[in-house]
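This report describes a predicted model. Its topics are a helix and its surroundings, the nonpolar cores and the principal pocket.

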Amino acid sequence: MAARFKLGSYETVRDDPLGRSHVGFFPRMTEEEAWDAGRGVWRMSAGKAAREKFALIVGEGVVRAVGQVTGFAVHGDRIELQGHVLGEGHPVRDAYLGKPDPVGTGSQNPVGYCDLPEEKQFILSPCHCGCGLDTDRDFLPGHDVRAMQARVRQHFGGSPLKFIQWVDDQLAGPAPKEEGQEQ
Ligand SMILES: [Zn+2]
């Protein structure tokens, strides 16, 4: 899941926790400016802030910047996202920059969430070898081989040949019966 933040109207601010002199949307803002305006400070749960990897900054219904979230800070009842703007060529940024807000526009809440198909490849999940480490793929490098070798050891007496023959037998399906007995 990614977070989406809608910029409000441009306004000057004092005592901003991020030290900014203004917040909100203004025309022709750069991606850096949109990220700086949009990375805080928001009412959102710290738990959600910790889970989001990408943030879309929306101004006037259009995505103005896509940021990668690397951390957050708490300022009273508000959250500041930390991270950086994604550059050209990043699949998440390229899919959404300049496009309409991907979150349904029914809610007035500036903070919203959405699943982005493009972010799936960047989301960490446990390595399938069972080592307990996280990876953005099915396995950490080399751990697919390790997982297969473990099965060869456990079920085929350590013989890769037996394993391969077993796989071939499984794929061939049940042996044909009564073959050659038609006469
Ligand atoms: Zn592993």
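## Helix H4 and its end

Gly157, which follows H4, has a positive phi, near 60°. Helix H4 itself covers residues 143–155. At 1.5 Å a residue, its 13 residues should span 18 Å, and the 18 Å between its end C-alpha atoms agrees with this expectation.

Three residues of H4, His143, Ala147 and Val152, are buried. The cover over the buried residues of H4 includes helix H5 (160–172).

## Nonpolar cores

In soluble globular proteins, nonpolar side chains tend to be buried together. In this model, the largest nonpolar core comprises 19 residues, and Phe5, Trp35, Ile57 and Leu81 have the most contacts inside it. Two or more residues of this core come from each of strand S1 (2–6), helix H1 (31–38), strand S4 (54–59), strand S5 (62–75) and strand S6 (78–85).

Leaving aside residues up to four places away in sequence, Phe5 touches Gly38, Trp42, Met44, Ala55, Leu56, Ile57, Val58, Leu81, Pro110 and Val111. A second core, separate from the largest, has 13 residues, among them Ala2, Phe54, Val92 and Leu116.

## The largest pocket

The volume of the largest pocket is about 260 Å³. Its lining consists of 16 residues, and those nearest the centre of the pocket are Lys6, Leu7, Gly8, Val23 and Trp42. Classified by character, the lining contains six nonpolar, five polar and five charged residues. Trp42 is thus named twice: it is among the residues nearest the pocket centre, and Phe5 touches Trp42.

Methods:
Residues are numbered from 1 along each chain as its sequence is written. This is a predicted model: local features need pLDDT of at least 70, side-chain atom pairs count only at pLDDT 80 or more; totals for chains, interfaces and linings use all residues. Side-chain values use heavy atoms; hydrogens and water are left out. A nonpolar core is a set of buried Ala, Val, Leu, Ile, Met, Phe, Trp, Tyr and Cys residues joined through side-chain atoms within 4.5 Å. Buried means under 20% relative accessible area, exposed over 50%, partly exposed in between (1.4 Å probe, protein chains only). Helices (H or I, at least four residues) and strands (E, at least two) are DSSP runs, numbered from the N terminus. Contact means heavy atoms within 4.5 Å. The expected span of a helix is 1.5 Å times one less than its number of residues. On a 1 Å grid over the protein atoms alone, a cavity is a set of points where a 1.4 Å probe fits but cannot get out, and a pocket is an open set with protein on both sides within 12 Å along at least five of seven lines; lining residues have an atom within 4 Å of a point. Grid points are joined across faces, edges and corners, and a volume is the space filled by probe spheres set on the points. Ala, Val, Leu, Ile, Met, Phe, Trp, Tyr, Cys and Pro count as nonpolar, Asp, Glu, Lys and Arg as charged, and the others, Gly among them, as polar.
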